[in-house]
Amino acid sequence: MGSEMSDPGGGGGGVLKLRCSIQNYDWGIRGEESTVSRLFERNSGGRIVPEKPYAEFWMGTHESGPSFVGDRTLKSWVEENPRVLGEKVLEKWGPDLPFLFKVLSVAKALSIQAHPDKELAKTLNKKQPNIYKDPNHKPEMAIAITEFKALCGFVSTKLVLPLTLSWVYSFLSQELKNVFSNVPEIKELVGLEDANKIMDIKQQDKHEGVKAILRSIFTRLMSADKGKISELVLKLISRLNEESKIRKLNEKEDLVLLLEKQYPSDIGVISSFFFNYVKLNPGEALHIGANEPHAYISGECIECMATSDNVVRAGLTPKYRDVQTLCSMLTYKQGFPEILQGVPLNPHISRYTPPFDEFEVDRCLLPSGESVVISAVPCSSLLLVVAGTGSLCTGSAAGDTLISEGNVFFVLANTEIKICADKKLQLYRAGVNKKFFEC
């Protein structure tokens, strides 16, 4: 090790208590209604400003939102004590956490965006380091704390059933062919010739050919003249408002009206018809790979991702838009995304395992008076208390550590933890994906 390991965080043997950072992006929930604001107040003693948006609570080593052990950054402490990460993690990713852990409180839609794969991330970082600050990919996973709504992936041009019956509303009414039939403004924007290419797709058509058609049409849509976009968004909204007087609008149409209020005359209002509309119940999760389009709409979630802050945006944002990069990088994979329910490890803990090496997340709901042991794992992890009170102890600690809402702990590799609940606890633990150690 770079130095003798110490416990400046005061969390007991094998566990360090962290002070964490927040982001006040404009789309965040304002004041005390935001879970992010309450976690920040209890974690760091920050004062909640009622009119201020509290968007993201960051836990980890990323320099844009660092966590602290005492008066120093967690990143610098880990660099001096790299073995706390676990041997295999250190060998693969070096002296740093390979994941970033967050809580999001979303009041207003985030941008239509995608995160680059590793190769593209390196290229973008080299060309525009002031915009794309990390040479790393950013696969991610969101676990709903409240009802959580998002746009994710392209709707299908073929007959594809959603993976779970609870998502039936996304079925036929939102297939891409139906979009072109029912939304004349899109047909007008991309042109009749391109619209007919979608309508002429047959069930037996080859996948790559369908992707090429979708790529061409989506690029044309996102690159359209701003004046024409503004004209057709207004035309679309006017039509939907009139039709709402004689019929019940579907969920996607209601969403379009909401997005237009948040982002008037934005291409994201129209392009939202191209994406699956996902509604997660608390405890359900969604994972998003590199080069997949998505936009979070509303609600609160736990989010975990590879350590990166790279975002390529093209709609629903006042920030820099890189339309050509986004349209060229997408996979154009179609169909409803996989929804994770969590795999029970015991009566109190469920595990969410995405197809990415860097991370997985455990969710613990512990009733008052109950206790649970969180087994030791061969990597360091981050433990967040979202609600409740109780105590934590490790085998090497001299006594119990009291825990409550807003507490965040860095757990050293190979540390077993016992949690006891006084008032019902809700905790989340992020660590390296177990499948990485099975390779």
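Biologist: To which strand do 4 bridges join S11, and in which direction do the two run?

Modeller: In this predicted model, the strand in question is S14, residues 294–306, and S11 and S14 run antiparallel. One residue pair illustrates the contact: Cys-152 has His-294 in S14 as its bridge partner.

Biologist: How many bridges join S11 to strand S12?

Modeller: There are 6 bridges between S11 and S12, the latter covering residues 275–280, and this pair also runs antiparallel. Here Leu-151 is matched with Tyr-277 of S12. In reading such strands, one general idea helps: side chains in a regular strand alternate between the two faces of the sheet.

Biologist: Why is strand S11 described as largely enclosed by the rest of the structure?

Modeller: Strand S11 comprises residues 148–154, and 6 of its 7 residues are buried, so the rest of the structure largely encloses it. Buried here means under 20% relative accessible area.

Biologist: Let us turn to empty space. How many cavities of 30 Å³ or more are counted?

Modeller: The general idea is that a probe the size of a water molecule, rolled over the atoms, shows where empty space is left. In this structure, the count is 2 cavities of 30 Å³ or more. The second largest cavity has a volume of about 50 Å³.

Biologist: Which residues line the second largest cavity?

Modeller: Its lining includes Ile-349, Asp-362, Cys-364, Leu-383 and Tyr-428. Strand S19 (360–366) and strand S24 (417–431) each supply at least two of the lining residues.

Biologist: How do the residues of that lining divide into nonpolar, polar and charged?

Modeller: The lining of the second largest cavity has 6 nonpolar and 3 charged residues, with no polar ones.

Terms used:
Residues are numbered from 1 along each chain as its sequence is written. This is a predicted model: local features need pLDDT of at least 70, side-chain atom pairs count only at pLDDT 80 or more; totals for chains, interfaces and linings use all residues. Side-chain values use heavy atoms; hydrogens and water are left out. On a 1 Å grid over the protein atoms alone, a cavity is a set of points where a 1.4 Å probe fits but cannot get out, and a pocket is an open set with protein on both sides within 12 Å along at least five of seven lines; lining residues have an atom within 4 Å of a point. Grid points are joined across faces, edges and corners, and a volume is the space filled by probe spheres set on the points. Ala, Val, Leu, Ile, Met, Phe, Trp, Tyr, Cys and Pro count as nonpolar, Asp, Glu, Lys and Arg as charged, and the others, Gly among them, as polar. Buried means under 20% relative accessible area, exposed over 50%, partly exposed in between (1.4 Å probe, protein chains only). Two strands pair if DSSP finds at least two bridges between them.
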